[in-house]
Amino acid sequence: MTDADAPSSTDEDLIEDLLAGEHRALARVITKIENRRPGYRDLVAQLHEHTGDAEVIGVTGSPGAGKSTLVDKLAATYREQGLTVGVIAVDPSSPFTGGAVLGDRIRMASNVGDMDVFVRSMSARGQLGGLSTATSDAIKALDAFGKDRVVIETVGAGQNEVDVVRTADTVAVLVQPGSGDDIQMLKAGILEIGDVFVVNKADMEGADRTVQQLREMIQQNQGDYDRSAAGHHGEAVEADAVRERQWEPRVVETVATDGEGVDDLVGALDDHRSFLVESGRLEEKARSRYAEELWTLVRDDLGDLVAAELDERGGLDAMVDDIVARETDPYTLADEVVGPIADCVEDRERE
Ligand SMILES: Nc1nc2c(ncn2[C@@H]2O[C@H](COP(=O)(O)OP(=O)(O)OP(=O)(O)O)[C@@H](O)[C@H]2O)c(=O)[nH]1
Ligand SMILES: [Mg+2]
């Protein structure tokens, strides 16, 4: 039985049950969020006041790097510490329901009989742009539910994955030993988002060399950063202040299959968390995420309004017909569509 077949209860009941700690309600809320079911916006809106306590960790890396294996071990370690855990495995490459099936299958054999590790897969379902929004909404559900740690797992490759993983406070990037490809990928932008680099499969050949390469890249990157900070602020004193608030990414080695090094990883993640809190970066990050979220919502909503207005005027195609026929032009039409909205804003300013 899928969530869609479940007897319908009101959204208010659903929120109440979620806040009371019912995993079933949590699962249904996330399904509504993922599918953008009617009413999901109100649901997410109601969750907000209950959020803000979970520590959100993103785990990314190339296919088969051992992310799922490591995340399971990470979750088990948190459980041993008495913490509750939620895991969202995001599969941006799977537009259908494949992601959900895959995630569930992997997890069948793992430690997750323990319901305090709630594991959930989410897939793109053909709306790639919305995936990071849906992910951050799902994080809110887990946060409001009271999960102490929320882990977001996603394959690291393109911009969508980077966007997904940016919804986390702390990002761990998995790298396989001896994988030139991975190092290339890091150069292509993942380096900037990694707070902790994990050389997993440290039982395999080449791990030491990969650790070395990563350390060199981090050093180089820090050097570039210091120089640009000094150049930007002009004064060495200020550059020092900037560096103090700058996190130097850590490199840890793990063997996810037997749990070796997982304690080191937990330590590095905790250290980064402390850095975020003490430097004020955590608050800054939260603020800029909310600003971006608000801006995205406003822009999307305005876009919907305009799309409705265009439909009202016979649709974009009909308007293009007129442009092609030289009866009007794009600028004039844009003014006509947006004009009434601009008038409203101007009227308000005069009040
Ligand atoms: N030797 C060795 N194998 C590992 C280690 N960690 C994971 N593996 C194996 O690597 C394979 C892939 O592991 P997963 O955890 O599924 O990797 P993933 O990154 O989640 O893969 P995708 O979700 O498909 O991108 C499995 O066969 C694991 O058993 C490790 O530390 N050492
Ligand atoms: Mg996986």
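On a 1 Å grid over the protein atoms alone, a cavity is a set of points where a 1.4 Å probe fits but cannot get out, and a residue lines the cavity if it has an atom within 4 Å of a point. Grid points are joined across faces, edges and corners, and the volume is the space filled by probe spheres set on the points. This is a predicted model, in which local features need pLDDT of at least 70 and side-chain atom pairs count only at pLDDT 80 or more, while totals for chains, interfaces and linings use all residues. Residues are numbered from 1 along each chain as its sequence is written, and side-chain values use heavy atoms, with hydrogens and water left out.

The structure holds one cavity of 30 Å³ or more, and the largest cavity encloses about 50 Å³ of space. Its lining is formed by E55, V56, I57, Y78, R149, D169, T170, L269, D270 and R273, of which four are nonpolar, one is polar and five are charged (Ala, Val, Leu, Ile, Met, Phe, Trp, Tyr, Cys and Pro count as nonpolar, Asp, Glu, Lys and Arg as charged, and the others, Gly among them, as polar). Strand β1 (55–61) and helix α11 each supply at least two of these lining residues; helices (H or I, at least four residues) and strands (E, at least two) are DSSP runs numbered from the N terminus.

Strand β1 belongs to an open sheet of seven strands in the order β3-β2-β4-β1-β5-β6-β7, with parallel pairing, where two strands pair if DSSP finds at least two bridges between them. The edge strands, each pairing on one side only, are β3 (117–123) and β7 (250–253). Within the sheet, β5 (residues 170–175) and β6 (residues 196–199) run parallel and are joined by four bridges, and V175 has V199 in β6 as its bridge partner.

Helix α11 (residues 262–279) also meets two other helices. Its axis comes within 10 Å of that of α4 (residues 67–80), and the two cross at roughly 75° (axes are lines fitted to C-alpha atoms, for helices over the stretch in contact, and angles run from 0 to 180 degrees between N-to-C directions). That makes α4 roughly perpendicular to α11, a term covering angles of 65 to 115 degrees. Here L70, K73, L74, T77 and Y78 in α4 meet V262, D263, L265, V266 and L269 in α11, contact meaning heavy atoms within 4.5 Å. These contact residues divide into seven nonpolar, one polar and two charged.

The axes of α11 and α12 (residues 281–312) come within 5 Å and cross at roughly 85°, and these helices are therefore roughly perpendicular to each other.

Key
Chains lettered and ligands numbered in written order. Parallel < 35°, antiparallel > 145°, perpendicular 65-115°, else oblique. 1 Å grid on protein atoms, 1.4 Å probe; cavity = no way out; pocket = protein on both sides within 12 Å on 5 of 7 lines; lining within 4 Å.
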